[in-house]
Amino acid sequence: MNNFSRQWVNLCNGSFLNAQISFIFDIPNFINMIDDILKKEQLTKPDILRLLECTVEEENRLFEKSALIREENVGNKVYLRGLVEVSNVCSKNCFYCGIRSGNRKVNRYTISESEVLSAVEFAYSQGFGSLVFQSGEHSGNVFTNYIGNLLRGAMDISKGELGITLSCGEQSLDVYRFWKELGARRYLLRIEASNQDLYEKLHPLDEKHSYYKRLQSLSNLRIAGYQVGTGIMIGLPFQTLENLADDLIFMQSQDIDMVGMGPYILHRDTPLYEYRHFVPPLKDRINLSLKMIAVLRILMKDINIASTTALSAIDPRGKILGLKAGANVIMPNITPSRYTSNYNLYDNKPFVDIYSNTSRLQFEEEIHEAGFSMGYGEWGDSPHFSKRMDQ
Ligand code: SF4
């Protein structure tokens with residue numbers, strides 16, 4: 001039995017579906033309760049749990065409320081973050097991830113600085129106000145300087161107009177500060193599961209994958225002055241509704257500025273795939289992800305929330321459904337297409353060719369038809385961050 005199996009073998013009684021907390025109400029009280037909760041200024045953990053397990057009939061009221069809060073606090077614009085997956089080299093071995101170091105089937109790449117900067121030029125010329133440089137996690141001077149050069153190049157191309165988000169894993173405070181000084185504005189570091197037990201079941205139990213190091217890194221990002229983003233996966237094997245409620249409370253307690261969370265999607269070349277029978281059906285994962293977005297919008301009214309690619313991997317309308325549930329950011333992939341098939345964090349990752357005029361127009365049309373406008377040429381920073389800085 002391998003380490004991973006040993007960590008999981010005793011958990012098979014705690015599956016997500018079986019562990020949902022049950023509420024028993026008579027019908028009239030049941031209906032009133034949702035409305036009462038949605039009128040509250042502060043939600044308790046039982047309120048959050050109740051919203052996460054609301055019925056199909058009640059969902060509309062939840063989504064109407066979160067859409068209203070979105071409109072009032074962050075407006076109806078959708079902000080774009082052009083995503084460049086600059087390198088799939090990773091020193092870590094997270095059990096759920098398709099590009100983990102232990103997966104020998106992956107063709108590893110690091111895109112040359114000039115090729116990344118061509119993508120930056122394209123995005124800037126198309127009116128993107130912000131970009132994300134994302135990579136697997138690795139450290140050392142070569143990598144630090146590579147990201148540093150990309151930041152310098154993007155700042156030169158746009159004369160400082162592009163807002164850059166980094167998503168390059170856990171680094172030292174000095175490295176975070178170095179990149180911040182070169183122009184990075186935001187940093188996304190997903191906690192993936194805020195419950196320590198669950199976190200440790202998703203990662204090897206070693207120093208490199210320490211839960212505490214992840215918390216420290218989130219704290220260091222704040223010290224370095226970034227807009228800090230985190231996120232989780234929804235519908236993991238053995239995850240409970242209570243875990244998800246705690247994830248939302250964790251984001252609130254960390255006073256996070258932006259969140260990217262979406263359904264867990266399996267990758268067949270990962271250890272977690274072995275536990276696929278404990279993963280809720282696709283439909284339930286997307287539904288729960290939308291409820292998580294809606295409840296988060298109610299809890300944290302003025303943060304940025306991404307409608308993630310993983311939502312679209314399950315449902316072609318996923319991106320729009322996420323926006324309607326309360327998200328206000330999308331991250332079109334602008335990685336040169338010859339690399340994208342090697343950045344498969346999960347199976348069936350969707351790809352819209354944003355370099356094609358037709359796809360781009362179709363993408364815009366979908367956003368407009370759903371009643372949103374495009375935040376072209378704007379950073380679209382989270383109002384939450386500005387308020388935090390003013391305090
Ligand atoms: S989740 Fe991130 S850190 Fe973990 S293996 Fe994948 S790319 Fe590396």
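How many nonpolar, polar and charged residues are in the shell around the ligand? The views below, taken from a predicted model, begin with this shell.

**View 1. Surroundings of the ligand.** The shell has 4 nonpolar, 2 polar and 3 charged residues. Cys90, Lys92, Cys94, Cys97, Ile99, Arg100, Gly136, Glu137 and Gly169 surround the ligand.

**View 2. Helix H5 and its two sides.** Helix H5 takes in residues 113-125. At 1.5 Å a residue, its 13 residues should span 18 Å, and the end C-alpha atoms are indeed 18 Å apart, so the two values agree. Val116, Ala119, Val120 and Ala123 are the buried residues of H5. These residues lie on the same side of H5, because they cover an arc of only 105 degrees around the axis. An α-helix has 3.6 residues a turn, so residues three or four places apart point the same way. Ser114 and Ser125, on the other side of H5, are exposed.

**View 3. Strand E4 between its partners.** Strand E4 is formed by residues 184-188, and 4 of these 5 residues are buried. Strand E3 (residues 163-167) runs parallel to E4 and is joined to E4 by 3 bridges. In this pairing, Arg186 of E4 stands opposite Thr165. Between E3 and E4 the chain passes through helix H7 (residues 173-181), in a right-handed β-α-β crossover. E4 is also joined to E5 by 3 bridges, and these two strands run parallel. Here Leu188 has Gly229 in E5 as its bridge partner.

**View 4. Strand E7 with E5 and E6.** Strand E7 covers residues 258-263, and 6 of its 6 residues are buried. E5 (residues 227-230) runs parallel to E7, with 2 bridges joining them. Met258 in E7 stands opposite Gly229, the residue that is also the partner of Leu188. Strand E6 (residues 233-234) pairs with E7 over 2 bridges, again in the parallel sense. The bridge partner of Ile234 in E7 is Pro263. Helix H10 (residues 241-253) belongs with E6 and E7 to a right-handed β-α-β unit.

**View 5. Strand E7 with E8.** Over 4 bridges, E7 pairs in the parallel sense with strand E8 (residues 304-307). Within this pair, Ala306 in E8 is the bridge partner of Gly260. Helix H11 (residues 282-299) forms a right-handed β-α-β unit together with E7 and E8.

Notes. Residues are numbered from 1 along each chain as its sequence is written. This is a predicted model: local features need pLDDT of at least 70, side-chain atom pairs count only at pLDDT 80 or more; totals for chains, interfaces and linings use all residues. A residue is near a molecule or strand if its C-beta atom, placed from the backbone, lies within 6 Å of it. Ala, Val, Leu, Ile, Met, Phe, Trp, Tyr, Cys and Pro count as nonpolar, Asp, Glu, Lys and Arg as charged, and the others, Gly among them, as polar. A residue is buried if 20 or more other C-beta atoms lie within 10 Å of its own, exposed if 12 or fewer, and partly exposed in between; C-beta atoms are placed from the backbone. Two strands pair if DSSP finds at least two bridges between them. A crossover is right-handed if, with the strands pointing away from the viewer, the path from the first strand over the helix to the second runs clockwise. The expected span of a helix is 1.5 Å times one less than its number of residues. The arc is that of the directions from the helix axis to the C-beta atoms.
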